[in-house]
Amino acid sequence: MGLDEYKSKRDFSSTPEPSEGEGDSSERVFVIQKHDASNLHYDLRLEKDGVLKSWAVPKGVPEKQGVKRLAIQTEDHPLGYRKFEGEIPEEEYGAGTVEIWDEGTIDVMKWKEDKIIFRFHGNKLTDTYVMIRLKDSDKNWLIFKKKK
Ligand code: MN
C-alpha cells in the first residue's frame, strides 16, 4: 500500500500529523490510538515492511477472551505516526483528538494475506491475538484474543 494514500488525504501545512518519519527502534512496534473523530474509534497500527499497517477498531481491541471485534483496514501510516498525539484540525481528514491508548512492541508468529497472529508487549495489552480477514472482504477483519 505504501504511504501515497496517507499523504494524499492530508494537508501537512495544516495538520500536525507527521508526513513521514523513521522508526527509532529495531523491534517491531505497535500503537493503539484513541481517536475521537466524527465517530470515536481506536486505531490499531502494527509495523510491517517499514510502515504501520492500520485498522480502525470501532469498539477497541478486546481485552477479554471470547470477544471478537471488527477491525477495518485503513491506509498505511508512516512509522513516526506511533508517537502522534494531538488535535487534527476541523477541515482535515480525521479531524478530532488523537491520544495514545497503548504502545509497545509485537512478536509476529504469522502474517499471511488473511490471517495475522502476534503477541502484544504493551502497557495494557500483553497477550496473543489473532486477526482474520473476513471472506470476500478487502478491508474487514476480526480481532480476538487467542485461546490459551
Ligand atoms: Mn482514526
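**Aromatic rings and charged patches**

Tyr 6, Phe 12, Tyr 81 and Phe 84 come together as one aromatic cluster. This is seen in a predicted model, and the rings make a handy place to start. A pair of aromatic rings is described by two things, the distance of the centres and the angle of the planes. In total, the count comes to nine aromatic pairs. One of them joins Tyr 81 and Phe 84, with 5.2 Å from centre to centre and 45 degrees between the planes, which makes the pair tilted. Both partners can be checked for how much of them is open to the outside. Tyr 81 has a relative accessibility of just 2%, so Tyr 81 counts as buried. Phe 84 has a relative accessible area of 6%, and because buried means under 20%, Phe 84 is buried as well.

Next comes a pair with another geometry. The ring centres of Phe 118 and Phe 120 are 4.8 Å apart and their planes meet at 80 degrees, so this pair is edge-to-face. The cut-off behind that label is an angle over 60 degrees. As for exposure, Phe 118 is at 0% relative accessibility and therefore counts as buried. Phe 120 is also at 0%, so Phe 120 counts as buried too.

Now for the charges on the surface. Lys 110, Lys 112, Lys 115 and Lys 146 make up a positive surface patch. Among them, Lys 115 belongs to strand S7, which covers residues 115-122. With a relative accessible area of 31%, Lys 115 is partly exposed. That label fits because partly exposed is the range between buried, under 20%, and exposed, over 50%.

Negative charge gathers on the surface as well, in a patch built from Asp 36, Glu 85, Glu 87 and Glu 99. Of this group, Glu 87 can be placed in strand S5, residues 86-88. Glu 87 reaches 52% relative accessibility, and so it counts as exposed; the cut-off here is over 50%.

One more acidic residue rounds off the picture. Asp 114 sits in the loop between strand S6 (96-111) and S7. Its relative accessibility is 43%, so Asp 114 counts as partly exposed. Along the chain, Asp 114 and Lys 68 are 46 residues apart, and in space 16 Å separates their C-alpha atoms.

Technical notes:
Residues numbered from 1 in each chain as written. Predicted model: local features only at pLDDT ≥ 70, side-chain atom pairs only at ≥ 80, totals over all residues. Heavy atoms only, no water. Patch = residues over 30% accessible without salt bridge, like charges linked within 9 Å, V, L, I, M, F, W, Y side chains within 5 Å. Areas by Shrake-Rupley, 256 points an atom, 1.4 Å probe, with all protein chains shown as cover. Salt bridge = Lys/Arg side-chain N within 4 Å of Asp/Glu carboxyl O. Lys, Arg positive; Asp, Glu negative; His and termini not counted. Charge placed at Lys NZ, Arg CZ, Asp CG, Glu CD. Helix = DSSP H or I, 4+ residues; strand = E, 2+ residues; numbered from the N terminus. Buried < 20%, exposed > 50% of the residue type's maximum accessible area, 1.4 Å probe, protein only. Phe/Tyr/Trp six-rings, centres within 6.5 Å; stacked < 30°, edge-to-face > 60°.
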